[in-house]
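Colleague: Please take one helix of this model and look at it closely. Then work outward from there.

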Amino acid sequence: MQEETISAVITALGEGAVGIVRISGEKALAVGERMFRAASGKKLADYAPNTLVYGHIYEDDSLIDEVLAVFMKAPRSYTAEDVVEIQCHGGIQSLRKILELSYKEGARPAEAGEFTKRAFLNGRIDLTQAEAVMDIIRSRSEASLKLAVRQQNGQLAKALRSLRKDLVDIVVNLEAVIDYPEEDIEDVTFTKVQESISNSCAKIQHLLAHAHTGKILREGLRTAIVGRPNVGKSSLLNALLKEDRAIVSEYAGTTRDVIEEQLLLDGVPLVLADTAGIRQTDDYVEQIGVEKSKQHLQDAELVICVVDGSEKLTQEDEEILEAAKAKPYVIIVNKSDKDIHDNLLALQERFGKEQVMALSAKTTEGIEEFTAWLKNFVYGSEGALSDGVYVQNARHEQLLREALSFLEDAGFAAESMLPYDCIVIDVRNAIDLLGEITGDTVQDEIINEIFSRFCIGK
Amino acid sequence: MGFITGKYDVIVVGAGHAGVEAALAAARMGGKTMLATLSLDNVALMPCNPSIGGPAKGHLVREIDALGGQMGVSADKACIQMRLLNTGKGYAVHALRAQEDKPYYTMIMKEFIENQPNLELKQLMVDKLLVENGEVIGVEAETGEIFEAKCVILATGTYLRGRIVYGQVNYECGPNGLRSATKLSGSLLEHGVELMRFKTGTPARIDARSLDYSKMEVQNGDDVVRNFSFISDIKTREQIPCWLTYTNADTHKIVRDNLHLSGMFNGLVEGVGPRYCPSIEAKLVRFAEKERHQLFIEPEGRHTNEMYVQGMSSALPAHVQLQFMRTIPGLENCRMMRAGYAIDYDCLNPLQLKPSLEHKAISGLFSAGQANGTSGYEEAAAQGLIAGTNAMNKINGREPLVLRRDEAYIGVLIDDLVTKGTNEPYRMMTSRAEYRLLLRQDNADLRLTEKGRALGLVDDYRYGRFTEKRTALERTIAQLSSINIAPSEENNAKLLAMGTVPLRSGSNLLELLRRKEITYGKLQQAFDLPVLHEQVAEQVEIHAKYEGYIAKQYQEVERALKLENKKIPGDIDYRAIKELSSEAAEKLDKVRPTSIGQASRISGVSPADVNVLMIALELKRRKEQE
């Protein structure tokens with residue numbers, strides 16, 4: 001029996017020269033054909049299975065990447081289902097785009113361990129490996145549970161919870177009126193329902209546009225290193241670059257006419273803005289002054305604010321610190337190889353211990369702690385869950401998109417004054433999808449809410 | 001010692017709404033059946049509200065009817081007022097609700113039962129369930145008589161150690177002063193059956209002649225005469241109105257001042273009551289800020305002056321009940337004929353049951369209705385029908401009838417009970433059904449009649465009417481989709497006359513019918529189509545107008561079915577699967593789901609547990625293959 005078609009990146013993210021996207025399931029070939037154009041002009045299906053075919057991935061008519069694709073016919077594949085694998089350039093951009101395209105063409109994000117699970121259920125893996133598979137599922141799900149729990153405190157979770165609550169409210173109101181038509185319950189108006197739904201739609205759109213980790217993984221964390229001249233910005237940058245295991249790409253920014261650089265710092269992709277020619281002129285960054293710093297702050301998602309810990313803070317320092325506060329920020333008290341004690345204490349007191357780090361760009365003392373801080377900033381306190389986080393977020397995003405589409409339908413139904421039962425279907429589907437992110441099920445919740453909110457019954 | 005006085009295929013204990021349907025189904029399927037009741041005068045008694053139907057409940061009645069059950073036919077006959085509720089809220093939640101002539105309903109049902117071949121109705125107090133080697137062999141009555149049976153269906157309602165409480169009044173009793181079954185609980189416990197204690201209640205009845213109707217709002221039945229049953233042809237009906245009035249601050253003060261005297265709060269009521277059917281005491285405590293509560297005054301029948309005070313269920317002392325009712329507009333001089341009361345009773349934890357409603361540990365023991373922790377006449381009747389059918393399926397060596405959640409409210413009801421259990425009397429609501437658009441009351445026959453026919457529950461007459469309707473429906477849909485209308489001047493003039501926008505390109509009539517303003521009736525006149533039976537025309541319209549949403553729901557069903565179709569063998573040892581969370585292992589072991597789908601609905605079983613379970617099953621299968 002064939003299952004839904006799933007896809008995921010099966011190579012370590014952004015860390016190799018080549019990345020592979022695997023698509024598995026009944027529709028794998030169909031999904032693959034819609035994305036891939038062989039250089040020969042033939043279809044993938046025209047080649048014998050297991051043939052590596054050279055070509056390009058297109059989204060509509062725009063070129064995404066130059067790739068090799070291979071079709072493996074069931075049961076001769078890892079999962080024993082039809083599989084298409086696409087080998088592309090290892091950069092995050094390219095992998096993300098191809099993966100997203102596969103969702104768009106009918107695959108859904110694979111869950112943790114799902115390829116292996118399918119392989120086993122389809123008779124591919126022998127008995128001795130089965131327990132290991134169960135362990136993987138168990139541990140991965142615990143890891144994602146931890147992620148979910150962490151998200152309870154995060155911005156995204158907060159937003160999701162309030163969003164879900166708004167939707168549950170709509171359903172509770174409609175359901176109460178449906179199930180208790182003769183009770184003394186104020187009927188809801190279509191206008192109110194419509195308003196509430198369109199608010200929720202706007203919130204999801206906002207989330208999709210700003211979903212923090214997802215966006216970081218997709219585009220990198222837009223980071224600005226600021227500080228008055230000669231506090232050690234360029235040495236910090238160089239120290240960080242030494243930690244960088246792979247320069248992912250160097251490309252013309254799409255949104256601004258400047259050069260940006262991506263680096264992957266222990267799993268955290270950073271986009272450093274306006275570092276053009278950094279390798280050529282070592283002190284370019286160093287020359288960035290207050291005004292330029294403020295300008296860089298504008299569209300940064302993280303501001304790394306560097307001060308010289310061995311000197312008294314200047315008016316310029318203060319101005320930059322003040323400006324940085326408007327953004328997510330971290331203050332680096334540099335030159336810990338000298339005496340920075342008093343400055344560190346004072347800054348920690350003012351901004352909180354979490355926001356202030358001591359390091360020496362010169363001796364690289366504290367660099368490791370700083371990269372740990374960055375990981376924590378992006379992924380939460382457990383550190384990077386590498387592909388776990390990645391899959392999770394792709395899935396969340398996909399779920400949010402689906403939820404949005406259901407809500408748009410519901411909004412249309414309310415606007416057209418279609419009956420309640422039609423509106424409820426789509427809103428409930430949206431709630432279910434959000435519940436898949438937060439791990440909540442709705443069934444009892446709605447009934448409990450009806451009884452706690454309305455006094456009903458004979 | 002007892003002596004054997006009879007031998008049956010099926011014995012049904014209790015002749016309430018569950019017992020009656022159970023016994024009729026078993027007998028219709030050819031089983032020699034005995035129906036035991038504590039009082040021959042109270043068969044299919046409605047001890048609480050005088051109404052049948054409403055959202056989800058009306059759906060259940062239609063489903064029971066489609067499967068050849070009796071409730072719909074009797075409710076149509078004894079009906080004294082019928083309304084179609086939720087008409088503005090969509091076809092899926094349209095719900096018929098009838099006021100019933102209670103004594104007449106009992107009479108009709110008794111007549112059906114007495115005249116049903118294969119069925120013996122007996123007044124009998126059953127004291128013991130007889131079990132041998134894990135199999136039911138019969139029951140023993142208080143007279144010492146032993147009745148042997150291959151299957152026993154418990155439909156004991158609120159009679160198992162039933163106890164009535166109001167104020168300090170507190171005595172062992174079934175509803176309405178009927179006998180309580182005091183010994184059967186003990187026998188069930190001896191056989192390892194797990195019991196729970198639930199509570200429900202009923203309001204006072206007052207004299208119709210003592211009310212001032214000028215102070216209440218009248219609520220009449222619909223002008224259009226409708227019926228529950230797909231085979232009822234009742235076209236005229238004399239209806240009796242209900243009356244609406246409200247409590248006020250004075251009422252609330254009296255109730256609050258006397259709360260300590262209520263059975264609900266003086267420690268006499270032990271059982272867990274339903275949230276959707278709270279006593280007036282509970283309403284005032286839980287919704288203290290609400291300034292008034294509505295109540296309906298409903299007639300109990302054509303030949304009685306008793307009026308049911310819906311919304312005023314209470315376990316306060318009788319004099320307090322009278323006192324607070326007399327503060328209510330219209331009831332100032334009311335005479336109370338019976339006081340309201342709370343009733344405590346034993347019931348089975350439904351988690352012990354298979355989806356067939358057979359007990360997991362005791363072969364041949366079935367249970368249905370309030371005995372399974374539900375509430376409501378309709379919920380009871382639905383389970384009774386399934387229990388009776390499955391008792392006979394078991395005897396005949398056939399697969400049990402298990403309706404899926406996408407097939408019937410009955411399926412949702414039973415799946416909820418045996419998968420999730422319940423910690424209060426369970427009431428059916430449309431919001432419990434995830435595939436509500438598919439489970440409409442208008443299409444219950446299309447969903448279920450074939451199934452009933454295959455089992456021998458649906459007779460030739462019903463089946464003939466059904467196939468006729470189905471054929472007309474299919475023919476009409478085919479016809480409408482084959483007639484193409486060009487955007488000609490003549491056609492567009494017709495459309496404008498129907499109140500809709502003209503066509504720009506060609507369209508078939510089925511597509512036109514999707515438009516909100518268009519009905520089959522309008523199309524029929526404009527394009528000279530055949531006149532259809534009202535029910536068929538409605539089906540055609542729903543088919544056209546809801547198509548997109550229905551397709552959406554079918555997609556969901558298809559996804560869910562993949563998991564439903566993955567069966568779990570009965571001998572699986574959940575505790576040996578160490579990768580399951582301990583909570584999941586415990587729950588799975590208790591529920592013992594029959595499919596992965598059912599397992600995934602158990603609370604405490606996570607998606608990861610479901611994945612682990614699937615792998616463990618595959619492991620087991622391969623080991624067995626070797």
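Modeller: A residue is buried here if 20 or more other C-beta atoms, placed from the backbone, lie within 10 Å of its own; exposed means 12 or fewer, and partly exposed is in between. The model is predicted, so local features need pLDDT (the predictor's confidence in each residue, 0 to 100) of at least 70 and side-chain atom pairs 80 or more, while totals for chains, interfaces and linings use all residues. Residues count from 1 along each chain as its sequence is written, chains are lettered from A and ligands numbered from 1, both in the order in which they are written.

My pick is helix H8 of chain B, residues 318-325 (helices, H or I of at least four residues, and strands, E of at least two, are DSSP runs numbered from the N terminus). Its buried residues are Val320(B), Gln321(B), Phe324(B) and Met325(B). Why do the buried residues of H8(B) line one face of the helix? Seen down the axis of H8(B), they fall within an arc of 130° (taken over the directions from the axis to the C-beta atoms), so they share one face. That face has several partners in chain B. The buried residues of H8(B) pack against strand E13 (205-207), helix H6 (249-257), strand E17 (306-310) and strand E18 (336-338). Confidence in the chain is easy to state. Chain B averages a pLDDT of 94, and 100% of its residues score at least 70.

Next, strand E19 of chain B, residues 341-348. E19(B) is mostly covered: 8 of its 8 residues are buried. Tyr341(B), Ile343(B), Tyr345(B) and Cys347(B) point one way from the strand. Ala342(B), Asp344(B), Asp346(B) and Leu348(B) point the other way. Two aspartates, Asp344(B) and Asp346(B), are thus among the buried residues of E19(B). Two strands pair with E19(B) (pairing takes at least two DSSP bridges): E10(B), residues 163-166, and E12(B), residues 195-202. E10(B) runs antiparallel to E19(B) and is joined to it by 3 bridges. Val165(B) has Ala342(B) as its bridge partner there. E12(B) is also antiparallel to E19(B), with 8 bridges between them. Here Lys199(B) stands opposite Asp344(B).

Two backbone oddities in chain B deserve a check. Most residues other than glycine have a negative phi, and most peptide bonds are trans. Leu357(B) has a positive phi of about 80° and is not a glycine. The loop between E19 and strand E20 (365-367) of chain B holds Leu357(B). Leu357(B) is buried because 29 other C-beta atoms lie within 10 Å. Ala56(B), also not a glycine, has a positive phi of about 70°. Ala56(B) sits in the loop between E3 and helix H2 (57-66) of chain B. With 27 C-beta neighbours inside 10 Å, Ala56(B) is buried as well.

Another loop residue of chain B is Val43(B), between strand E2 (33-37) and strand E3 (51-53). Val43(B) counts as buried because 25 C-beta neighbours lie inside 10 Å. Leaving out residues up to four places away in sequence, Val43(B) touches Ala15(B), Val20(B), Thr37(B), Thr106(B), Met109(B), Lys110(B) and Ile113(B) (contact: C-beta atoms, placed from the backbone, within 7 Å). Tyr574(B) is 531 residues away from Val43(B) in sequence and 44 Å away in space, C-alpha to C-alpha.

Now across to chain A. The model scores ipTM 0.86 and pTM 0.79. In it, 28 residues of chain A are in contact with 38 residues of chain B. On the chain A side, helices H3 (114-121), H4 (127-153), H5 (155-179), H14 (420-438) and H15 (443-453) each give two or more residues. H4(A) provides the largest share, 8 residues.

Chain A has 15 helices and 14 strands. Of its 458 residues, 47% are buried. Among contacts in chain A between residues at least 6 apart in sequence, 68% join residues at least 24 apart. Seven of the strands form an open, mixed sheet in the order E3-E4-E5-E6-E2-E1-E7. Strand E3 (36-38) and strand E7 (108-109) of chain A have a single partner strand each, so they stand at the edges with one side left without a neighbour in the sheet. E7(A) pairs in the parallel sense with strand E1 (6-9) of chain A over 2 bridges. Ile6(A) stands opposite Arg108(A). One last peptide bond: Ala74(A) and Pro75(A) are joined in cis, with omega about 0°. Pro75(A) is in the loop between E5 and E6 of chain A.

How values were computed: Two residues are in contact if their C-beta atoms, placed from the backbone, lie within 7 Å.
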